[in-house]
Amino acid sequence: MENNVNAKIKNLIDLVYGDSFTEGHLKMLSEKMESAREVITDKRKQNWDEKDVVLITYADQFTAQGEDALPVFTRFYNKWLRRSFSHVHLLPFYPWSSDDGFSVKDYHQVSPGTGTWQDVKALNKSAYLMFDFVCNHMSAKSQWFANYLAQKPGYDDFFISVDPNTDLSAVTRPRALPLLTPFRLPDGRLRHLWTTFSEDQVDLNFASPQVLIAMVEVLLHYLAEGASYIRLDAVGFMWKTPGTNCIHLENTHRLIQLFRAITDAVAPGTVIITETNVPHNDNISYFGNGENEAHMVYQFSLPPLVLYAVHHQNVQALCQWAASLTLPSTKTTWFNFLASHDGIGLNPLRGILPESEILSLVEKLQQEGALVNWKNNPDGTRSPYEINVTYLDALSSRDSDDNSRIARFILAHAVLLSFPGVPAVYIQSILGSRNDYDGVERLGYNRAINRRKYLAGEIDRDFDDNKSLRHNIYHALSKLIDVRRGEKAFHPDSQAIFSTSGKHVFKIVRTAECGEQITGLFNFSNHIQNIDSDIHSGRELIAGDDISGTTLTLNPWQVMWIKEN
């Protein structure tokens, strides 16, 4: 056994692959790890803290004629966003063929027109970086797939060929699309290949040692290019065993543990984050034993629960769920968010809210202009899978005035920033974006409603206009983030106690190790709420007011962060 492949890595390989992973494979893996270790000289931040706030964005979010997009984004980030965000999550910026980047054609290149790896390094001077590791599937227009169809040596088992007569009825389906897609080899033979998400996204065959080595090489490349956080996209589907549901399988967890062990060996301090848009109990299984799998998991239940609390003006379900949250160790935490490039997932509500309540929320949001994606169930029925809408528009009705719209938006984001864990804000949220129906019509898919791209200078003009909605959203949210980043009580690991005052007011008390304490009060209603308080003296951090007395008055949709003296 080579020195670079430690006992933990070797044991995981043996559990997954047995004798099919040869000494030759092991030597190849060891050499790739050693090569990566030699070039990775930048030290990762070893611990998360209250200053960590992530911006989620596309690398080509802003464009300018005659320029690559990433340098344009970096200028915008440095001008408007650097003070508020420590990390930038660049959604897949590799050459792609569909799904806005998630059908990767070449894992090792930056997409033409977006920039170069030097441009990525330039952004890395201003921010820690988070990359997507799209490990479950890749583009049907990739060279790897072309090599597979041509049956070139080394690629003959890169993808998963299945007899179409195989009973796959138990397989969990995230989308209402065929599971198998027929492709023809040059000799005319037909192969039906596993395509979990679309016919252009062909699932990789991780049962092949060659695939594992190729994908580890991708992971090592991202570490070498400066990724501090690695997001494992759609990772729950990675291992396939016909006859099972093919999600959350034991070997999937072992592969994540393997990625973690390799990352720990090569670039200590790198954070592994799993993206599994599933019910809460399944989601948290990716923490493993608290030390061997994900450092963070996406907090998928938070976005729809906050939305439900706003629309029902009732915080009881949100509070009950929040109070139940536990972490397996101090070496794990939550990756909290409200909006992302995808829709608002509904599966994470299942098991928390009755199905009738979920369907009622979907219907209400549809009436206000939201779109919905659906999934097929094993019994042949369909269920809503996600709501497609900007979070700003999801929180309010179409006829809301801007003051009410902003108040609800800031309330929701104050909850996000108050939760234990590391918060992430989607670019469209801090830009104050509304639903992009033109984009949906032009591109032909629902998720385009929340993925609008902009010309350089377009947003700057709105930010400079103090009468615009974008200006007011940007300044209010930026101020909120800046306050949060300056308070030790908001450290991801600080104690959190959740409670309610009646059904309208949510209360979060955060206490730092040093004893500093902040009480967050959130009025989830359109009426004034008077709260009995045991805070004798303190300062409200958002407005800067001194707080004293036995009663606190919260205006409709108001939030207070009170730091006691």
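**Close-up views of a predicted model**

**Figure 1. Lining of the largest cavity.** The residues around the largest cavity comprise 9 nonpolar, 6 polar and 1 charged by class. The model shown here and in the following views is a predicted one. The largest cavity encloses about 110 Å³ of space. Its lining is made up of 16 residues, and those nearest the centre are Phe337, Ser340, Gly343, Ile344 and Gly345. Two elements, α9 (302–312) and β13 (344–345), each contribute two or more residues to this lining. In total, the structure contains 4 cavities of 30 Å³ or more.

**Figure 2. The sheet that includes strand β13.** Three strands form an open sheet in the order β13-β15-β14, and their pairing is antiparallel. β13 and β14 (371–376) are the edge strands; each has a single partner, so one side of each has no neighbour in the sheet. Between β14 and strand β15, which covers residues 382–388, the antiparallel pairing extends over 6 bridges. Within this pairing, Val372 is placed opposite Ile387 of β15. As a rule, the strands of a sheet are paired through backbone hydrogen bonds, in either a parallel or an antiparallel arrangement.

**Figure 3. The second largest cavity and its lining.** A volume of about 70 Å³ is computed for the second largest cavity. Its lining includes Tyr58, Ala59 and Asp60, together with Pro92, Phe93, Tyr94 and Trp96. Asp100, Gly101, Ser111, Thr114 and Lys453 also line this cavity. By class, the lining residues are 6 nonpolar, 3 polar and 3 charged.

**Figure 4. Asp99 and Asp100 in the loop between β3 and α4.** Asp99 belongs to the loop that lies between β3 (87–90) and α4 (117–124). Asp100 is found in the loop between β3 and α4 as well. Most residues other than glycine have a negative phi. Asp99, however, has a positive phi near 60 degrees, and the phi of Asp100 is also positive, near 50 degrees. With a relative accessible area of 11%, Asp100 counts as buried. Asp100 is also one of the residues that line the second largest cavity.

**Figure 5. The largest pocket.** The space in the largest pocket amounts to about 500 Å³. The pocket is lined by 33 residues, of which Pro174, Phe237, Asn277, Val278 and Tyr385 are the closest to its centre. When the lining residues of the largest pocket are divided by class, 11 are nonpolar, 12 are polar and 10 are charged.

**Figure 6. Thr263 in helix α7.** Helix α7 spans residues 250–266 and contains Thr263. Thr263 is buried because its relative accessibility is 0%, below the limit of 20%. At a distance of 2.8 Å, the side chain of Thr263 reaches the backbone oxygen of Phe259. Apart from residues up to four places away in sequence, Thr263 touches Leu219, Leu223, Pro268, Thr270 and Ile272.

**Figure 7. His221 in helix α6.** His221 is part of helix α6, which runs over residues 209–224. The relative accessible area of His221 is 19%. Because buried means under 20%, His221 falls in the buried class. If neighbours within four places in sequence are set aside, His221 is in contact with His108 and Trp117.

**Figure 8. Surroundings of Thr519 in strand β20.** Strand β20 covers residues 517–523, and Thr519 is located in it. A relative accessibility of 5% makes Thr519 a buried residue. Although Thr519 and Ile508 are separated by 11 residues in sequence, their C-alpha atoms lie 5.8 Å apart in space. Beyond the neighbours within four places in sequence, the contacts of Thr519 include Lys507, Ile508 and Val509. Ile535, Met560, Trp561, Ile562 and Glu564 are likewise in contact with Thr519.

**Figure 9. Two faces of strand β24.** The side chains of strand β24, residues 551–554, alternate along its course. Leu552 and Leu554 point to one face and are buried, whereas Thr551 and Thr553 point to the other face and are not buried. Strand β21 (residues 529–532) pairs with β24 in the antiparallel sense over 4 bridges. In this pairing, Leu552 of β24 is the bridge partner of Ile531.

How values were computed
Residues numbered from 1 in each chain as written. Predicted model: local features only at pLDDT ≥ 70, side-chain atom pairs only at ≥ 80, totals over all residues. Heavy atoms only, no water. Buried < 20%, exposed > 50% of the residue type's maximum accessible area, 1.4 Å probe, protein only. Pairing = 2+ DSSP bridges. Polar contact = N/O pair within 3.5 Å; in protein donor to acceptor, adjacent residues only side chain to side chain. Contact = heavy atoms within 4.5 Å. 1 Å grid on protein atoms, 1.4 Å probe; cavity = no way out; pocket = protein on both sides within 12 Å on 5 of 7 lines; lining within 4 Å. Points joined across faces, edges and corners; volume = space filled by probe spheres on them. Nonpolar A, V, L, I, M, F, W, Y, C, P; charged D, E, K, R; others polar.
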